Amino acid sequence: MFELLYPLVRAIQPFLAPVCFFFAWAFVAVLTWGIWSAIAETATRAKVMHEIPCSNCQFFTNDHRLKCTVHPRIANSEAAINCPDYCSKTNLLY
């Protein structure tokens, strides 16, 4: 069986090193691109999550059973970014 494959292996041997070289660098490039896109997506998601104002609102209770007394369903979610009932904990009148 191996005697039949020996001429085939000898025929593709000059092309084997460049093909392996190409696939190795292609693997490194795809891996680098995947890591870079994951970092960029994480940074974008973090920027959106930092826009949620709930932790600075006076209606936020910081209790896992009732997070917000006004809008408990949207508390700490992206829907709370433009909450119409947001009131800052620090009162600017004092």
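This passage describes the first helix, the aromatic pairs, the nonpolar core and the cysteines of a predicted model.

Helix H1 runs over residues 2–49 and contains 48 residues. The C-alpha atoms at its two ends are only 61 Å apart, whereas a straight helix would reach 70 Å at 1.5 Å a residue. H1 also carries a kink of about 55 degrees. The kink lies at glutamine 13, shortly before proline 14.

A search of the whole structure for aromatic pairs gives 2. One of them joins phenylalanine 21 and tryptophan 25, whose ring centres are 6.4 Å apart. The planes of these two rings stand at 65 degrees to each other, and the pair is edge-to-face. Phenylalanine 21 and tryptophan 25 are separated by about one helical turn, because they are 4 residues apart in helix H1. In general, an α-helix has 3.6 residues a turn, so residues three or four places apart point the same way. Both phenylalanine 21 and tryptophan 25 are exposed.

Another pair is formed by phenylalanine 22 and phenylalanine 23, with 5.5 Å between the ring centres. Their planes are at 65 degrees, so this pair is edge-to-face as well. Phenylalanine 22 counts as exposed because its relative accessibility is 53%. For phenylalanine 23 the relative accessible area is 54%, and this residue is likewise exposed.

The largest nonpolar core has 5 residues in all, namely Ile52, Cys54, Cys57, Phe60 and Ala80. In soluble globular proteins, nonpolar side chains tend to be buried together. Alanine 80, a member of this core, touches Pro53, Cys54 and Ile74 when residues up to four places away in sequence are not counted. Cysteine 54, also in the core, has a relative accessibility of 10% and therefore counts as buried.

The search for disulfides covered the whole structure and found 0. A disulfide requires two cysteine sulfur atoms within 2.5 Å. For cysteine 54, the closest cysteine sulfur belongs to cysteine 68 and is 6.3 Å away, so the two are too far apart for a bond. Cysteine 68 also holds the cysteine sulfur closest to that of cysteine 83. Here the distance is 6.2 Å, which is again too far for a bond. Cysteine 83 has a relative accessible area of 21% and is therefore partly exposed, while cysteine 54 is buried.

Note on methods:
Residues numbered from 1 in each chain as written. Predicted model: local features only at pLDDT ≥ 70, side-chain atom pairs only at ≥ 80, totals over all residues. Heavy atoms only, no water. Buried < 20%, exposed > 50% of the residue type's maximum accessible area, 1.4 Å probe, protein only. Core = buried A, V, L, I, M, F, W, Y, C linked by side-chain atoms within 4.5 Å. Contact = heavy atoms within 4.5 Å. Expected span 1.5 Å × (residues − 1). Bend = angle between axes of the 7 residues up to and from the residue. Phe/Tyr/Trp six-rings, centres within 6.5 Å; stacked < 30°, edge-to-face > 60°.
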